[in-house]
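Here is a short report on one protein chain. It looks at what lies inside the fold and at the bonds between cysteines.

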Amino acid sequence: MQPPLSVFLLSGLNETRHYRPLFFFLSFLCYSIIILVNVCLVLTIILNNEFHEPMYILLCAFCLNTIYGTAAFFPKFLSDLLSPVHVISYSGCLLQAQVLYSFGCSDLSILALMAYDRYLAICRPLEYHSVLPNQRVITLVCLAWVTPFCIVSVSTFLTSRLKLCSSYLNRLICMNGSIVLLACFPAETFVNNVVSNLTIIIYGLHSVVIAWSYMFLIKTCVSSLENRKKFMQTCVPHLISLISFSVTILFDVIYIRFESNHLPQTLKYFVSIEFLIIPPIMNPLIYGFKLTQIRNKIIASLKMN
């Protein structure tokens with residue numbers, strides 16, 4: 001009888017042995033920037049009462065979720081770059097997959113809340129504060145964190161029950177889909193696939209909410225110069241974040257579902273982790289530069305120091 005797996009071997013760094021010092025420096029720099037810009041935005045919002053409004057509370061939650069998600073990848077990745085052996089414990093692998101999936105789902109939930117917030121602010125301004133008071137926003141943010149974590153936990157639990165016939169993961173990170181592919185008996189993965197597809201449908205519906213919100217936003221803004229200014233000021237950063245998130249997640253889904261042998265291995269590995277690099281850096285910078293109040297507050301704080 002085959003003993004249960006205790007570790008997974010990660011093969012994603014095998015081709016980078018000659019460039020690991022460079023990759024370590026770039027990765028450390030990238031992670032430092034992610035932490036710096038996101039923490040800066042979170043503290044700016046928390047410490048200034050003028051930012052205790054729905055839009056900024058959601059932005060704060062967005063940045064906190066980024067810190068949560070990237071913490072599951074960068075510390076382990078940096079330690080692997082310094083180590084000749086790239087392994088992760090079985091439980092550590094499941095935990096990493098749990099955090100990364102819940103991070104992605106929470107991001108989409110928060111983006112949907114941001115779209116609804118902008119719809120209310122521009123299309124129904126008189127009802128804005130009655131429909132979306134701060135306390136309700138905080139409750140919705142908590143649900144946007146807890147619900148994905150619980151849904152992903154079901155997938156993680158189902159994966160933990162599978163008997164695996166290999167400990168070799170041809171990736172840089174642990175992802176639920178990659179672990180399921182190692183199952184000895186593919187028929188046992190049926191329930192995993194059903195839950196996975198249901199999760200995709202649930203969070204695909206979030207995209208419907210976002211599209212619905214922007215349909216009304218664009219319709220409202222076309223006829224009003226003032227609303228067009230509001231749209232450019234507050235909705236464009238959200239749209240850029242949404243497009244950035246959607247494209248990177250789409251590439252990762254394509255990579256998992258249809259692994260292509262035609263792409264260079266290094267490029268495939270980058271595609272699989274770009275959702276942990278590009279949006280976490282770009283989003284706080286876009287919001288910091290585009291939202292005038294936040295930009296002015298950060299500049300004023302820098303001048304005082």
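The sections below cover the nonpolar cores, the cavities and the cysteines of this predicted model.

## Nonpolar cores

The largest nonpolar core has 45 residues. Leu59, Met114, Ile210 and Ile294 touch the most other members. Seven helices are named as suppliers of at least two residues each: α1 (20-47), α2, α4, α6, α8, α9 and α12 (292-304). Helix α4 gives the most to this core, with twelve residues. Another core lies apart from this one. That other core has 20 residues, among them Phe73, Phe74, Phe103 and Phe275.

In soluble globular proteins, nonpolar side chains tend to be buried together.

## Around methionine 114

Which residues does methionine 114 touch, leaving out those up to four places away in sequence? The contacts are Leu58, Leu59, Phe62, His238 and Tyr287. Met114 also helps to line the largest cavity. So do Leu59, His238 and Tyr287 from that contact list.

## Two cavities

The model holds two cavities of 30 Å³ or more. The largest has about 70 Å³ of space. Its lining includes Met55, Asp117, Arg118, Thr234 and Leu291. Three helices each supply at least two lining residues: α2 (54-71), α4 (90-123) and α9 (225-257). The largest share comes from α4, with three residues. By class, this lining has five nonpolar, two polar and two charged residues.

The second largest cavity has about 40 Å³ of space. Leu58, Leu113, Leu132, Val137 and Leu140 line it. What classes make up this lining? There are five nonpolar residues, with no polar and no charged ones. Leu58 of this lining is also a contact of methionine 114.

## Two disulfides

A disulfide is a covalent bond between the sulfur atoms of two cysteines. The chain has two disulfides. With bonded cysteines counted along the chain, the pattern is 1-3, 2-4.

One disulfide joins cysteine 93 to cysteine 174, with 2.0 Å from S to S. The link is left-handed, at -115 degrees about the S-S bond. Cysteine 93 lies in helix α4 and cysteine 174 in the loop between β3 (168-169) and α7 (176-180), so the bond ties together parts 81 residues apart in sequence. Both cysteine 93 and cysteine 174 are buried.

The other disulfide joins cysteine 165 to cysteine 184, with 1.7 Å from S to S. This link is right-handed, at 115 degrees about the S-S bond. Cysteine 165 sits in the loop between α6 (134-160) and β3, and cysteine 184 in the loop between α7 and α8 (190-222). The two are 19 residues apart. Is each end of this link buried or partly exposed? Cysteine 165 is partly exposed, because its relative accessible area is 45%, between the limits of 20% and 50%. Cysteine 184 counts as buried because its relative accessibility is 18%, under the 20% limit.

## Cysteines 40 and 105

Why does cysteine 40 form no disulfide with the closest cysteine sulfur? That sulfur belongs to cysteine 63 and is 9.6 Å away, so the gap is too far for a bond. A disulfide needs the two sulfur atoms within 2.5 Å. Cysteine 40 is partly exposed, with a relative accessible area of 33%. Cysteine 105, at 11% relative accessibility, counts as buried.

Terms used: Residues are numbered from 1 along each chain as its sequence is written. This is a predicted model: local features need pLDDT of at least 70, side-chain atom pairs count only at pLDDT 80 or more; totals for chains, interfaces and linings use all residues. Side-chain values use heavy atoms; hydrogens and water are left out. On a 1 Å grid over the protein atoms alone, a cavity is a set of points where a 1.4 Å probe fits but cannot get out, and a pocket is an open set with protein on both sides within 12 Å along at least five of seven lines; lining residues have an atom within 4 Å of a point. Grid points are joined across faces, edges and corners, and a volume is the space filled by probe spheres set on the points. Helices (H or I, at least four residues) and strands (E, at least two) are DSSP runs, numbered from the N terminus. Ala, Val, Leu, Ile, Met, Phe, Trp, Tyr, Cys and Pro count as nonpolar, Asp, Glu, Lys and Arg as charged, and the others, Gly among them, as polar. Buried means under 20% relative accessible area, exposed over 50%, partly exposed in between (1.4 Å probe, protein chains only). A nonpolar core is a set of buried Ala, Val, Leu, Ile, Met, Phe, Trp, Tyr and Cys residues joined through side-chain atoms within 4.5 Å. Contact means heavy atoms within 4.5 Å.
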